[in-house]
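Please look at the model shown here and follow, step by step, how its parts are arranged. The report below goes from buried residues to the packing of helices and then to the chain as a whole.

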Amino acid sequence: FVSSLGSMFLSPMGRLGAGLYGISLYGGLFLFSGFLLYDTQKVMHRAENHPAPSQMIYGEMPAMDIRPFDPINNSIHILLDTINIFVRMVAIFAGGNNRRK
């Protein structure tokens with residue numbers, strides 16, 4: 001977070017600004033990769049531990065503290081993590097072109 005704020009105020013052409021930009025870029029890539037792993041495990045855990053629909057329909061109500069399984073919301077979390085990883089990968093590959101000149 002601090003590197004993102006620092007890269008807003010410092011020029012990316014200077015050493016400090018470029019360093020902060022790199023930290024923000026690679027740190028964000030690492031962070032969203034972790035989020036993707038966490039969200040995937042969370043979806044799998046909820047899907048495995050979710051009570052069967054027949055128990056909910058035919059009178060056997062599970063405890064109310066069980067959160068209902070929401071596959072749409074869970075897949076949106078995974079999609080947003082993937083988009084953030086893709087954006088950072090594009091920025092990394094686009095920035096590598098300037099170093100070869």
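In this predicted model, the buried residues of helix α4 are N74, D81, I85 and I92, where buried means under 20% relative accessible area, exposed over 50% and partly exposed in between, with a 1.4 Å probe and protein chains only. Helices (H or I, at least four residues) and strands (E, at least two) are DSSP runs, numbered from the N terminus. Residues are numbered from 1 along each chain as its sequence is written. Because the model is predicted, local features need pLDDT of at least 70 and side-chain atom pairs count only at pLDDT 80 or more, while totals for chains, interfaces and linings use all residues, and side-chain values use heavy atoms, with hydrogens and water left out.

One of the buried residues, N74, lies in helix α4 and has a relative accessible area of 3%. Leaving aside residues up to four places away in sequence, N74 touches V43, R46 and F69, contact being defined as heavy atoms within 4.5 Å. Helix α2 is included in what covers the buried residues of α4. In α2 itself, the buried residues are G17, L20, G22, S24, L25, G28, L29, F32, D39 and V43.

How are two packed helices described? They are described by the angle between their axes and the distance between the axes. Helix α2 (residues 15-49) and helix α4 (residues 71-95) pack at an angle of about 155 degrees, with their axes 9 Å apart; the axes are lines fitted to C-alpha atoms, for helices over the stretch in contact, and angles run from 0 to 180 degrees between N-to-C directions. The two helices α2 and α4 are therefore roughly antiparallel to each other, a term for angles over 145 degrees. By class, the contact of α2 with α4 has 13 nonpolar, eight polar and four charged residues.

The table compares the expected span of each helix, which is 1.5 Å times one less than its number of residues, with the distance between its end C-alpha atoms.

| Helix | Residues | Expected span | End C-alpha distance |
|---|---|---|---|
| α2 | 35 residues | 51 Å | 50 Å |
| α4 | 25 residues | 36 Å | 36 Å |

The expected span agrees with the end distance in α2, and likewise in α4.

For the whole protein chain, there are four helices and zero strands, and from the N terminus on the elements run α-α-α-α. Of the 101 residues of the protein chain, 19% count as buried. Among contacts between residues at least 6 apart in sequence, 55% join residues at least 24 apart.

Terms used:
Parallel < 35°, antiparallel > 145°, perpendicular 65-115°, else oblique. Nonpolar A, V, L, I, M, F, W, Y, C, P; charged D, E, K, R; others polar.
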